[in-house]
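Me: I'd like to go through the charges in this one and hear the reasoning behind each label. Can you walk me through it?

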Amino acid sequence: MTNVFDLIEEFYTQDEEWNSVLQQACAEDFLRYKTWQGAKDGELVKIWDYITILCIYLGNSENFLGDMSREDFIDCVGWCCRNVSGFPATESNIAHFLDVMQEFYAYMKKKRIITRDNAPAEAKAKLLADGKLQIVGKDGSFLPGNDRYNLYSTPDLPTKVYLNIGERMQNLLDDVQSYYTQKQFRRDLERADFLFGGIFQNGTVQEKPGTEEYSQTFWDYFLFDYRLLEDDKTPLQHYRDVICRDASEMDTSVDILNELIKAKLLLFDVQRRTEEGMYVCRNIFTNEKYTLMLPVDDNIDTEGYIFMGHIFYENTMVMNFLRGLVMSQTSRKRFFEVVSAAKDWFAVRQSGEMSWEEFINRNPMFVRHVSVLYAIYVRMEGFNFSTQISNYQPAALLEDKTSAMLESLRGTGLFSAYDIQLMRTMWSDFMLRGNALPDNTDADFEHWTAAVMYCFVKLNDVYTFTEKQVFAMCRATDHAKLKQMIDMLNETLQLEAHDPRYVNEEGLLLMLLQ
(Lines give C-alpha, C1' and ligand atoms only; values in the text may rest on other atoms or scores of the structure.)
Protein backbone atom coordinates (compact mmCIF):
# COMPACT_ATOMS: atom_id res chain seq x y z
CA MET A 1 0.00 0.00 0.00
CA THR A 2 1.26 3.49 -0.83
CA ASN A 3 2.56 5.35 2.21
CA VAL A 4 0.56 8.55 2.63
CA PHE A 5 3.59 10.47 3.88
CA ASP A 6 5.47 9.55 0.68
CA LEU A 7 2.58 11.07 -1.28
CA ILE A 8 2.76 14.25 0.80
CA GLU A 9 6.53 14.48 0.28
CA GLU A 10 6.12 14.00 -3.47
CA PHE A 11 3.40 16.67 -3.65
CA TYR A 12 5.54 19.32 -1.97
CA THR A 13 8.76 18.27 -3.70
CA GLN A 14 7.22 18.75 -7.13
CA ASP A 15 6.32 22.35 -6.30
CA GLU A 16 7.47 24.06 -3.09
CA GLU A 17 4.95 26.85 -3.75
CA TRP A 18 2.25 24.63 -2.22
CA ASN A 19 3.72 25.60 1.15
CA SER A 20 2.27 29.07 0.60
CA VAL A 21 -1.19 27.47 0.38
CA LEU A 22 -0.78 24.94 3.19
CA GLN A 23 2.39 24.22 5.12
CA GLN A 24 3.65 20.66 4.59
CA ALA A 25 4.13 20.27 8.32
CA CYS A 26 0.44 21.09 8.93
CA ALA A 27 -0.69 18.42 6.48
CA GLU A 28 1.66 15.83 7.97
CA ASP A 29 0.63 16.67 11.55
CA PHE A 30 -3.05 16.16 10.71
CA LEU A 31 -2.38 12.81 9.02
CA ARG A 32 -0.34 11.69 12.05
CA TYR A 33 -3.24 12.73 14.27
CA LYS A 34 -5.58 10.57 12.14
CA THR A 35 -3.07 7.70 12.33
CA TRP A 36 -3.07 7.89 16.14
CA GLN A 37 -6.87 7.79 16.02
CA GLY A 38 -6.62 4.43 14.22
CA ALA A 39 -7.19 5.42 10.58
CA LYS A 40 -5.98 2.73 8.16
CA ASP A 41 -3.79 3.29 5.08
CA GLY A 42 -6.68 3.50 2.62
CA GLU A 43 -8.52 6.04 4.73
CA LEU A 44 -5.36 8.11 5.19
CA VAL A 45 -4.77 8.25 1.42
CA LYS A 46 -8.38 9.33 0.86
CA ILE A 47 -8.04 12.10 3.45
CA TRP A 48 -4.84 13.28 1.80
CA ASP A 49 -6.59 13.24 -1.58
CA TYR A 50 -9.26 15.57 -0.19
CA ILE A 51 -6.62 17.90 1.30
CA THR A 52 -4.78 17.88 -2.05
CA ILE A 53 -8.03 18.80 -3.80
CA LEU A 54 -8.56 21.70 -1.39
CA CYS A 55 -5.01 22.92 -2.07
CA ILE A 56 -5.55 22.76 -5.82
CA TYR A 57 -8.79 24.71 -5.48
CA LEU A 58 -7.11 27.36 -3.33
CA GLY A 59 -4.23 27.55 -5.81
CA ASN A 60 -6.68 28.36 -8.61
CA SER A 61 -8.96 30.71 -6.69
CA GLU A 62 -8.46 33.97 -4.86
CA ASN A 63 -9.19 32.37 -1.48
CA PHE A 64 -6.92 31.60 1.47
CA LEU A 65 -7.15 28.57 3.72
CA GLY A 66 -8.28 30.45 6.83
CA ASP A 67 -10.69 32.76 5.00
CA MET A 68 -12.90 30.09 3.40
CA SER A 69 -16.60 30.82 4.06
CA ARG A 70 -19.67 28.65 3.60
CA GLU A 71 -20.19 30.11 0.13
CA ASP A 72 -16.54 29.51 -0.75
CA PHE A 73 -16.85 25.82 0.14
CA ILE A 74 -19.98 25.55 -1.99
CA ASP A 75 -18.00 27.03 -4.87
CA CYS A 76 -15.14 24.65 -4.03
CA VAL A 77 -17.45 21.61 -4.25
CA GLY A 78 -18.87 22.67 -7.63
CA TRP A 79 -15.41 23.48 -9.00
CA CYS A 80 -13.97 20.15 -7.88
CA CYS A 81 -16.88 18.21 -9.41
CA ARG A 82 -16.18 19.93 -12.74
CA ASN A 83 -12.39 19.95 -12.67
CA VAL A 84 -11.07 17.03 -10.60
CA SER A 85 -11.22 13.53 -12.06
CA GLY A 86 -12.76 11.03 -9.66
CA PHE A 87 -14.64 13.67 -7.64
CA PRO A 88 -18.28 12.89 -8.47
CA ALA A 89 -21.21 15.14 -7.62
CA THR A 90 -22.85 12.56 -5.38
CA GLU A 91 -24.29 12.97 -1.92
CA SER A 92 -21.89 10.43 -0.39
CA ASN A 93 -18.73 11.90 -1.92
CA ILE A 94 -19.61 15.52 -1.10
CA ALA A 95 -20.66 14.61 2.44
CA HIS A 96 -17.41 12.70 3.01
CA PHE A 97 -15.32 15.55 1.58
CA LEU A 98 -16.98 18.19 3.75
CA ASP A 99 -16.82 15.97 6.85
CA VAL A 100 -13.07 15.57 6.35
CA MET A 101 -12.73 19.31 5.76
CA GLN A 102 -14.68 20.05 8.94
CA GLU A 103 -12.42 17.78 10.99
CA PHE A 104 -9.33 19.23 9.30
CA TYR A 105 -10.45 22.81 9.97
CA ALA A 106 -11.30 21.99 13.59
CA TYR A 107 -7.79 20.56 14.03
CA MET A 108 -6.22 23.63 12.38
CA LYS A 109 -8.20 25.94 14.69
CA LYS A 110 -7.14 23.94 17.73
CA LYS A 111 -3.53 24.39 16.61
CA ARG A 112 -4.27 28.14 16.27
CA ILE A 113 -3.38 28.16 12.56
CA ILE A 114 -6.85 29.49 11.59
CA THR A 115 -9.51 31.29 13.62
CA ARG A 116 -12.75 29.91 12.09
CA ASP A 117 -13.65 26.28 11.54
CA ASN A 118 -17.39 26.09 10.85
CA ALA A 119 -17.51 26.80 7.08
CA PRO A 120 -17.39 23.15 5.88
CA ALA A 121 -20.27 22.11 8.18
CA GLU A 122 -22.36 25.10 7.11
CA ALA A 123 -21.72 24.30 3.44
CA LYS A 124 -22.76 20.68 4.02
CA ALA A 125 -26.01 21.75 5.70
CA LYS A 126 -26.91 23.90 2.71
CA LEU A 127 -25.69 21.55 -0.05
CA LEU A 128 -27.24 18.41 1.45
CA ALA A 129 -30.51 19.63 2.91
CA ASP A 130 -32.69 16.60 3.76
CA GLY A 131 -29.84 14.38 2.53
CA LYS A 132 -30.38 15.34 -1.12
CA LEU A 133 -27.89 17.35 -3.15
CA GLN A 134 -28.91 20.97 -3.63
CA ILE A 135 -27.48 23.91 -5.58
CA VAL A 136 -24.97 21.77 -7.55
CA GLY A 137 -26.02 19.53 -10.45
CA LYS A 138 -24.62 16.12 -11.41
CA ASP A 139 -22.04 17.74 -13.70
CA GLY A 140 -20.87 20.18 -11.03
CA SER A 141 -22.61 23.20 -12.53
CA PHE A 142 -24.92 25.33 -10.43
CA LEU A 143 -28.60 24.51 -10.78
CA PRO A 144 -31.20 27.04 -12.04
CA GLY A 145 -32.08 29.51 -9.35
CA ASN A 146 -28.52 29.58 -8.05
CA ASP A 147 -27.05 31.89 -10.69
CA ARG A 148 -25.48 34.12 -8.06
CA TYR A 149 -22.84 31.44 -7.51
CA ASN A 150 -21.77 31.77 -11.14
CA LEU A 151 -20.93 35.44 -10.62
CA TYR A 152 -18.12 34.62 -8.21
CA SER A 153 -17.27 31.06 -9.19
CA THR A 154 -13.66 30.07 -9.71
CA PRO A 155 -12.90 29.70 -13.46
CA ASP A 156 -12.60 26.14 -14.76
CA LEU A 157 -9.27 24.68 -15.83
CA PRO A 158 -8.59 23.85 -19.53
CA THR A 159 -8.12 20.19 -18.55
CA LYS A 160 -9.11 18.05 -15.59
CA VAL A 161 -6.84 17.42 -12.62
CA TYR A 162 -5.83 13.81 -11.97
CA LEU A 163 -4.56 12.86 -8.53
CA ASN A 164 -1.60 10.43 -8.44
CA ILE A 165 -1.87 10.23 -12.22
CA GLY A 166 1.41 8.38 -12.74
CA GLU A 167 0.47 5.42 -10.54
CA ARG A 168 -3.13 5.31 -11.77
CA MET A 169 -2.11 5.52 -15.41
CA GLN A 170 0.40 2.71 -15.03
CA ASN A 171 -2.16 0.50 -13.30
CA LEU A 172 -4.63 1.19 -16.10
CA LEU A 173 -2.11 0.42 -18.85
CA ASP A 174 -1.12 -2.79 -17.06
CA ASP A 175 -4.78 -3.86 -17.02
CA VAL A 176 -5.24 -3.05 -20.71
CA GLN A 177 -2.04 -4.86 -21.66
CA SER A 178 -3.14 -7.93 -19.70
CA TYR A 179 -6.49 -7.86 -21.52
CA TYR A 180 -4.80 -8.05 -24.92
CA THR A 181 -2.70 -11.07 -24.01
CA GLN A 182 -5.87 -13.18 -24.30
CA LYS A 183 -6.03 -15.84 -27.00
CA GLN A 184 -8.63 -13.95 -29.04
CA PHE A 185 -6.07 -11.22 -29.83
CA ARG A 186 -3.26 -13.56 -30.90
CA ARG A 187 -3.56 -12.65 -34.59
CA ASP A 188 -3.49 -8.96 -33.77
CA LEU A 189 -0.39 -9.30 -31.59
CA GLU A 190 1.36 -11.33 -34.29
CA ARG A 191 0.44 -8.79 -36.97
CA ALA A 192 1.47 -5.85 -34.77
CA ASP A 193 4.78 -7.55 -33.99
CA PHE A 194 5.36 -8.06 -37.72
CA LEU A 195 4.59 -4.43 -38.50
CA PHE A 196 6.69 -3.25 -35.58
CA GLY A 197 9.86 -5.15 -36.35
CA GLY A 198 9.41 -8.03 -38.74
CA ILE A 199 8.28 -6.28 -41.90
CA PHE A 200 11.98 -5.59 -42.60
CA GLN A 201 14.02 -8.76 -42.46
CA ASN A 202 16.98 -6.97 -40.92
CA GLY A 203 14.69 -4.91 -38.66
CA THR A 204 14.65 -1.15 -38.21
CA VAL A 205 13.78 -1.00 -34.54
CA GLN A 206 16.46 0.37 -32.25
CA GLU A 207 15.48 -1.81 -29.31
CA LYS A 208 16.79 -5.37 -29.10
CA PRO A 209 13.99 -7.99 -29.23
CA GLY A 210 13.49 -9.72 -25.91
CA THR A 211 14.56 -6.74 -23.83
CA GLU A 212 12.37 -4.74 -21.48
CA GLU A 213 12.90 -1.65 -23.65
CA TYR A 214 11.66 -3.52 -26.74
CA SER A 215 8.58 -4.72 -24.85
CA GLN A 216 7.73 -1.24 -23.57
CA THR A 217 8.16 0.36 -27.00
CA PHE A 218 6.11 -2.36 -28.68
CA TRP A 219 3.23 -1.96 -26.25
CA ASP A 220 3.42 1.81 -26.67
CA TYR A 221 2.90 1.28 -30.41
CA PHE A 222 0.28 -1.44 -30.01
CA LEU A 223 -1.99 0.29 -27.49
CA PHE A 224 -1.87 3.79 -28.97
CA ASP A 225 -1.31 3.36 -32.72
CA TYR A 226 -2.09 -0.14 -33.95
CA ARG A 227 -5.51 -0.74 -35.54
CA LEU A 228 -7.30 -3.97 -34.65
CA LEU A 229 -8.14 -6.38 -37.45
CA GLU A 230 -11.80 -6.65 -36.56
CA ASP A 231 -12.93 -3.06 -36.05
CA ASP A 232 -10.04 -0.75 -37.08
CA LYS A 233 -10.00 0.81 -33.61
CA THR A 234 -6.89 1.32 -31.53
CA PRO A 235 -6.69 -1.17 -28.65
CA LEU A 236 -7.26 1.65 -26.15
CA GLN A 237 -10.45 2.73 -27.92
CA HIS A 238 -11.67 -0.87 -28.26
CA TYR A 239 -11.03 -1.46 -24.55
CA ARG A 240 -12.97 1.69 -23.68
CA ASP A 241 -15.93 0.71 -25.88
CA VAL A 242 -16.10 -2.93 -24.80
CA ILE A 243 -14.72 -3.32 -21.28
CA CYS A 244 -15.57 0.13 -19.91
CA ARG A 245 -18.82 0.53 -21.83
CA ASP A 246 -20.99 0.62 -18.72
CA ALA A 247 -18.46 2.28 -16.41
CA SER A 248 -19.30 5.62 -14.87
CA GLU A 249 -17.83 8.65 -16.61
CA MET A 250 -16.77 9.77 -13.14
CA ASP A 251 -14.57 6.69 -12.73
CA THR A 252 -10.99 7.97 -12.59
CA SER A 253 -9.68 5.12 -14.75
CA VAL A 254 -12.26 5.85 -17.44
CA ASP A 255 -11.41 9.54 -17.26
CA ILE A 256 -7.71 8.80 -17.73
CA LEU A 257 -8.50 6.31 -20.49
CA ASN A 258 -10.51 8.95 -22.35
CA GLU A 259 -7.52 11.29 -22.15
CA LEU A 260 -5.10 8.61 -23.39
CA ILE A 261 -7.35 7.86 -26.36
CA LYS A 262 -6.83 11.46 -27.46
CA ALA A 263 -3.03 11.03 -27.42
CA LYS A 264 -1.31 11.51 -30.77
CA LEU A 265 2.01 10.31 -32.10
CA LEU A 266 4.34 13.27 -32.50
CA LEU A 267 7.81 13.88 -33.89
CA PHE A 268 9.43 16.95 -32.42
CA ASP A 269 12.73 18.62 -31.66
CA VAL A 270 13.70 20.73 -28.65
CA GLN A 271 14.03 24.47 -29.15
CA ARG A 272 15.14 25.43 -25.64
CA ARG A 273 14.81 24.61 -21.97
CA THR A 274 12.94 26.90 -19.59
CA GLU A 275 14.13 28.05 -16.17
CA GLU A 276 11.55 25.71 -14.63
CA GLY A 277 13.13 22.67 -16.30
CA MET A 278 10.46 22.31 -18.99
CA TYR A 279 11.28 21.90 -22.69
CA VAL A 280 9.90 24.09 -25.47
CA CYS A 281 9.38 21.63 -28.33
CA ARG A 282 8.46 22.03 -32.01
CA ASN A 283 6.44 19.65 -34.15
CA ILE A 284 8.84 19.02 -37.05
CA PHE A 285 5.98 18.72 -39.56
CA THR A 286 3.64 21.55 -38.53
CA ASN A 287 5.98 23.82 -36.49
CA GLU A 288 3.46 23.86 -33.64
CA LYS A 289 5.06 24.61 -30.25
CA TYR A 290 4.52 22.70 -27.00
CA THR A 291 5.98 23.09 -23.52
CA LEU A 292 6.64 19.61 -22.12
CA MET A 293 8.28 17.84 -19.25
CA LEU A 294 10.43 15.23 -21.01
CA PRO A 295 11.53 11.95 -19.40
CA VAL A 296 15.20 12.50 -20.28
CA ASP A 297 18.27 12.92 -18.10
CA ASP A 298 19.19 16.51 -17.34
CA ASN A 299 22.71 16.00 -18.68
CA ILE A 300 21.55 14.91 -22.16
CA ASP A 301 22.16 17.48 -24.87
CA THR A 302 18.93 17.42 -26.87
CA GLU A 303 20.39 19.32 -29.82
CA GLY A 304 20.46 17.14 -32.93
CA TYR A 305 17.75 14.83 -31.60
CA ILE A 306 14.32 14.22 -33.03
CA PHE A 307 12.01 12.76 -30.40
CA MET A 308 9.06 10.53 -31.13
CA GLY A 309 6.34 9.90 -28.57
CA HIS A 310 2.72 10.32 -27.67
CA ILE A 311 1.56 13.70 -26.45
CA PHE A 312 -1.72 14.13 -24.58
CA TYR A 313 -3.54 16.12 -21.90
CA GLU A 314 -4.15 19.13 -24.13
CA ASN A 315 -0.61 18.85 -25.54
CA THR A 316 1.04 19.35 -22.16
CA MET A 317 2.22 15.83 -21.27
CA VAL A 318 4.20 13.15 -23.06
CA MET A 319 4.23 9.42 -22.34
CA ASN A 320 7.38 7.96 -20.80
CA PHE A 321 7.98 5.73 -23.84
CA LEU A 322 9.96 8.38 -25.71
CA ARG A 323 12.34 7.50 -28.53
CA GLY A 324 15.24 9.82 -29.28
CA LEU A 325 16.72 9.75 -32.79
CA VAL A 326 19.99 11.43 -33.71
CA MET A 327 19.45 12.80 -37.20
CA SER A 328 21.80 15.04 -39.16
CA GLN A 329 20.46 18.10 -40.95
CA THR A 330 20.86 16.32 -44.30
CA SER A 331 18.99 13.25 -43.04
CA ARG A 332 16.32 15.44 -41.50
CA LYS A 333 15.77 17.28 -44.78
CA ARG A 334 15.55 14.07 -46.79
CA PHE A 335 13.28 12.50 -44.18
CA PHE A 336 10.87 15.43 -44.33
CA GLU A 337 10.81 15.35 -48.14
CA VAL A 338 10.11 11.61 -48.27
CA VAL A 339 7.35 11.64 -45.66
CA SER A 340 5.79 14.74 -47.25
CA ALA A 341 5.72 13.02 -50.65
CA ALA A 342 4.17 9.90 -49.11
CA LYS A 343 1.55 12.07 -47.40
CA ASP A 344 0.70 13.74 -50.72
CA TRP A 345 0.35 10.30 -52.33
CA PHE A 346 -1.89 9.01 -49.58
CA ALA A 347 -3.97 12.22 -49.56
CA VAL A 348 -5.20 11.57 -53.10
CA ARG A 349 -8.01 9.50 -51.54
CA GLN A 350 -9.22 12.68 -49.83
CA SER A 351 -9.00 14.94 -52.89
CA GLY A 352 -5.48 15.90 -51.85
CA GLU A 353 -6.52 17.39 -48.52
CA MET A 354 -5.06 15.64 -45.48
CA SER A 355 -3.55 17.02 -42.29
CA TRP A 356 -0.33 15.72 -40.80
CA GLU A 357 -2.26 14.41 -37.82
CA GLU A 358 -4.59 12.41 -40.09
CA PHE A 359 -1.68 10.95 -42.07
CA ILE A 360 0.33 9.91 -39.01
CA ASN A 361 -2.77 8.57 -37.28
CA ARG A 362 -3.45 6.26 -40.24
CA ASN A 363 0.20 5.38 -40.98
CA PRO A 364 2.04 5.40 -37.63
CA MET A 365 4.33 2.49 -38.45
CA PHE A 366 5.32 4.01 -41.78
CA VAL A 367 6.43 7.18 -39.98
CA ARG A 368 8.17 5.19 -37.22
CA HIS A 369 10.15 3.01 -39.64
CA VAL A 370 11.11 5.84 -41.98
CA SER A 371 12.35 7.99 -39.10
CA VAL A 372 14.62 5.19 -37.88
CA LEU A 373 15.89 4.53 -41.41
CA TYR A 374 16.96 8.14 -41.79
CA ALA A 375 18.47 8.23 -38.32
CA ILE A 376 20.60 5.15 -39.02
CA TYR A 377 21.85 6.32 -42.41
CA VAL A 378 20.90 8.76 -45.17
CA ARG A 379 18.79 7.09 -47.81
CA MET A 380 19.40 9.26 -50.85
CA GLU A 381 16.51 7.66 -52.71
CA GLY A 382 13.31 9.66 -52.55
CA PHE A 383 9.67 8.78 -52.86
CA ASN A 384 9.74 9.08 -56.61
CA PHE A 385 6.29 7.99 -57.77
CA SER A 386 3.73 9.72 -59.94
CA THR A 387 0.05 9.11 -60.42
CA GLN A 388 -2.54 9.97 -63.03
CA ILE A 389 -5.29 10.07 -60.42
CA SER A 390 -6.64 13.54 -59.71
CA ASN A 391 -9.82 15.08 -58.31
CA TYR A 392 -10.79 11.73 -56.87
CA GLN A 393 -14.03 11.44 -54.91
CA PRO A 394 -14.76 8.01 -53.42
CA ALA A 395 -18.17 6.55 -54.10
CA ALA A 396 -20.59 5.84 -51.28
CA LEU A 397 -20.16 2.26 -50.10
CA LEU A 398 -22.64 -0.18 -51.61
CA GLU A 399 -24.58 -2.72 -49.56
CA ASP A 400 -24.89 -5.46 -52.20
CA LYS A 401 -23.83 -9.10 -52.17
CA THR A 402 -20.25 -8.41 -53.26
CA SER A 403 -19.86 -5.86 -50.48
CA ALA A 404 -21.36 -8.31 -48.00
CA MET A 405 -18.93 -11.04 -49.01
CA LEU A 406 -16.00 -8.67 -48.68
CA GLU A 407 -17.33 -7.66 -45.27
CA SER A 408 -17.48 -11.33 -44.26
CA LEU A 409 -13.66 -11.32 -44.25
CA ARG A 410 -13.75 -9.11 -41.15
CA GLY A 411 -12.30 -10.89 -38.16
CA THR A 412 -10.75 -13.73 -40.17
CA GLY A 413 -7.25 -12.30 -39.85
CA LEU A 414 -6.74 -12.38 -43.62
CA PHE A 415 -7.26 -8.64 -44.04
CA SER A 416 -7.69 -5.75 -41.66
CA ALA A 417 -10.99 -3.92 -41.31
CA TYR A 418 -9.41 -0.97 -43.11
CA ASP A 419 -8.30 -3.23 -45.98
CA ILE A 420 -11.88 -4.41 -46.30
CA GLN A 421 -13.08 -0.81 -46.40
CA LEU A 422 -10.58 -0.06 -49.18
CA MET A 423 -11.75 -3.10 -51.16
CA ARG A 424 -15.38 -2.10 -50.72
CA THR A 425 -14.47 1.40 -51.87
CA MET A 426 -12.81 -0.04 -54.96
CA TRP A 427 -15.92 -2.06 -55.75
CA SER A 428 -18.24 0.91 -55.17
CA ASP A 429 -16.02 3.14 -57.33
CA PHE A 430 -16.15 0.53 -60.08
CA MET A 431 -19.93 0.23 -59.98
CA LEU A 432 -20.31 4.01 -60.02
CA ARG A 433 -17.90 4.56 -62.91
CA GLY A 434 -18.49 1.38 -64.92
CA ASN A 435 -20.20 1.72 -68.32
CA ALA A 436 -22.55 -0.97 -69.63
CA LEU A 437 -21.83 -3.33 -66.75
CA PRO A 438 -23.66 -6.65 -66.86
CA ASP A 439 -26.94 -6.84 -64.96
CA ASN A 440 -25.98 -10.02 -63.16
CA THR A 441 -23.38 -8.62 -60.75
CA ASP A 442 -25.34 -10.06 -57.81
CA ALA A 443 -25.46 -13.47 -59.42
CA ASP A 444 -21.70 -13.40 -60.00
CA PHE A 445 -20.86 -11.81 -56.64
CA GLU A 446 -18.38 -14.54 -55.70
CA HIS A 447 -16.38 -13.95 -58.89
CA TRP A 448 -16.60 -10.16 -58.52
CA THR A 449 -15.43 -10.46 -54.91
CA ALA A 450 -12.44 -12.52 -56.03
CA ALA A 451 -11.66 -10.00 -58.78
CA VAL A 452 -11.72 -7.05 -56.36
CA MET A 453 -9.61 -8.93 -53.82
CA TYR A 454 -7.09 -9.92 -56.49
CA CYS A 455 -6.74 -6.32 -57.73
CA PHE A 456 -6.28 -5.07 -54.17
CA VAL A 457 -3.64 -7.70 -53.40
CA LYS A 458 -1.87 -7.01 -56.69
CA LEU A 459 -1.68 -3.23 -56.38
CA ASN A 460 -0.41 -3.32 -52.78
CA ASP A 461 2.04 -6.13 -53.58
CA VAL A 462 2.59 -7.01 -49.92
CA TYR A 463 0.54 -10.17 -49.58
CA THR A 464 1.73 -13.73 -50.15
CA PHE A 465 -1.64 -14.90 -51.49
CA THR A 466 -1.40 -16.56 -54.89
CA GLU A 467 -3.96 -16.06 -57.62
CA LYS A 468 -5.42 -19.51 -56.95
CA GLN A 469 -5.68 -18.84 -53.23
CA VAL A 470 -7.56 -15.59 -53.79
CA PHE A 471 -9.98 -17.31 -56.15
CA ALA A 472 -10.47 -20.22 -53.71
CA MET A 473 -11.24 -17.86 -50.81
CA CYS A 474 -14.23 -16.58 -52.75
CA ARG A 475 -15.29 -19.94 -54.17
CA ALA A 476 -14.73 -18.56 -57.66
CA THR A 477 -14.32 -21.41 -60.19
CA ASP A 478 -14.60 -19.84 -63.66
CA HIS A 479 -11.08 -18.49 -64.15
CA ALA A 480 -11.77 -17.19 -67.65
CA LYS A 481 -14.68 -15.10 -66.33
CA LEU A 482 -12.50 -13.93 -63.46
CA LYS A 483 -9.78 -12.67 -65.74
CA GLN A 484 -12.36 -10.71 -67.74
CA MET A 485 -13.66 -9.13 -64.54
CA ILE A 486 -10.13 -8.26 -63.39
CA ASP A 487 -9.47 -6.62 -66.77
CA MET A 488 -12.73 -4.63 -66.46
CA LEU A 489 -11.74 -3.41 -62.99
CA ASN A 490 -8.29 -2.39 -64.15
CA GLU A 491 -9.58 -0.64 -67.27
CA THR A 492 -12.55 1.12 -65.67
CA LEU A 493 -10.64 2.38 -62.62
CA GLN A 494 -7.28 2.76 -64.38
CA LEU A 495 -5.64 1.00 -61.47
CA GLU A 496 -1.99 1.77 -60.80
CA ALA A 497 0.72 0.03 -58.83
CA HIS A 498 0.23 1.13 -55.21
CA ASP A 499 -2.80 3.09 -56.36
CA PRO A 500 -3.14 6.03 -53.92
CA ARG A 501 -6.89 5.44 -53.68
CA TYR A 502 -6.49 1.93 -52.27
CA VAL A 503 -2.93 1.55 -50.94
CA ASN A 504 -2.61 0.52 -47.28
CA GLU A 505 0.18 1.25 -44.81
CA GLU A 506 2.14 -1.89 -45.72
CA GLY A 507 1.94 -0.97 -49.40
CA LEU A 508 3.15 2.52 -48.63
CA LEU A 509 6.16 1.10 -46.81
CA LEU A 510 6.96 -1.18 -49.74
CA MET A 511 6.91 1.82 -52.09
CA LEU A 512 9.60 3.50 -50.03
CA LEU A 513 11.85 0.45 -50.16
CA GLN A 514 11.53 -0.17 -53.89
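Reply: Sure. Let's start with the word "patch": a residue qualifies with over 30% relative accessible area and no salt bridge, and like charges are joined within 9 Å. Keep in mind that this is a predicted model.

Me: Which residues form the negative surface patch?

Reply: Asp 6, Glu 9, Glu 10 and Glu 167 form it. Helix 1, residues 4-14, gives the most to this patch, with three residues.

Me: What makes Glu 10 partly exposed rather than buried or exposed?

Reply: Glu 10, which sits in helix 1, has 45% relative accessibility, so it counts as partly exposed. Buried would need under 20%, and exposed over 50%. The 45% of Glu 10 also passes the over 30% needed for a patch.

Me: Fine. How do you know that Asp 29 and Arg 32 make a salt bridge?

Reply: Their side chains meet at 3.3 Å, N to O. The cut-off is a side-chain nitrogen of Lys or Arg within 4 Å of a carboxyl oxygen of Asp or Glu, so the pair counts. In general, side chains of opposite charge can pair when their charged atoms come close.

Me: Why are Asp 29 and Arg 32 said to be separated by about one helical turn?

Reply: Because they are three residues apart in helix 2, residues 24-36. Asp 29 has a relative accessible area of 34%, making it partly exposed. Arg 32 is partly exposed too, at 34% relative accessibility.

Me: And what makes Arg 168 and Asp 49 a salt bridge?

Reply: The N to O distance is 3.7 Å, which is within 4 Å, so the pair counts. This pair links distant parts of the chain: Arg 168 belongs to helix 8 (residues 165-179), Asp 49 to helix 3 (residues 41-60), and they are 119 residues apart.

Me: Why is Asp 49 called buried?

Reply: Its relative accessible area is 7%, and buried means under 20%, so the label follows. Arg 168, with 27%, is partly exposed.

Me: How do you know that Arg 82 and Asp 156 pair up as well?

Reply: Their side chains meet in a salt bridge at 2.9 Å, N to O, again within the 4 Å limit. Arg 82 lies in helix 4 (residues 70-83) and Asp 156 in the loop between helix 7 (148-151) and helix 8, so the bridge ties together parts that are 74 residues apart in sequence.

Me: Which of those labels does Arg 82 get, buried or exposed?

Reply: Buried: its relative accessible area is 18%, under the 20% cut-off. Asp 156 comes out as partly exposed, with 45%. Elsewhere, salt bridges that share partners join Arg 70, Glu 71, Lys 126 and Arg 148 into one network.

Me: How many salt bridges does that rule give?

Reply: The count comes to 30. As for the charges overall, the protein has 52 positive and 78 negative ones, and their mean positions are 2 Å apart.

Me: What about the whole protein, how many helices and strands are there?

Reply: There are 21 helices and six strands. The C-alpha trace spans about 95 × 55 × 40 Å along its principal axes. Of the 514 residues, 52% are buried. The protein exposes about 24,900 Å², with carbon and sulfur atoms supplying 47% of that.

Conventions
Residues are numbered from 1 along each chain as its sequence is written. This is a predicted model: local features need pLDDT of at least 70, side-chain atom pairs count only at pLDDT 80 or more; totals for chains, interfaces and linings use all residues. Side-chain values use heavy atoms; hydrogens and water are left out. Patches are made of residues with over 30% relative accessible area and no salt bridge: like charges are joined within 9 Å, nonpolar side chains (Val, Leu, Ile, Met, Phe, Trp, Tyr) within 5 Å. Accessible areas come from the Shrake-Rupley method with a 1.4 Å probe; for residues, only the protein chains shown count as cover. Lys and Arg count as positive and Asp and Glu as negative; His and the chain ends are not counted. The place of a charge is taken as NZ of Lys, CZ of Arg, CG of Asp or CD of Glu. Helices (H or I, at least four residues) and strands (E, at least two) are DSSP runs, numbered from the N terminus. Buried means under 20% relative accessible area, exposed over 50%, partly exposed in between (1.4 Å probe, protein chains only).
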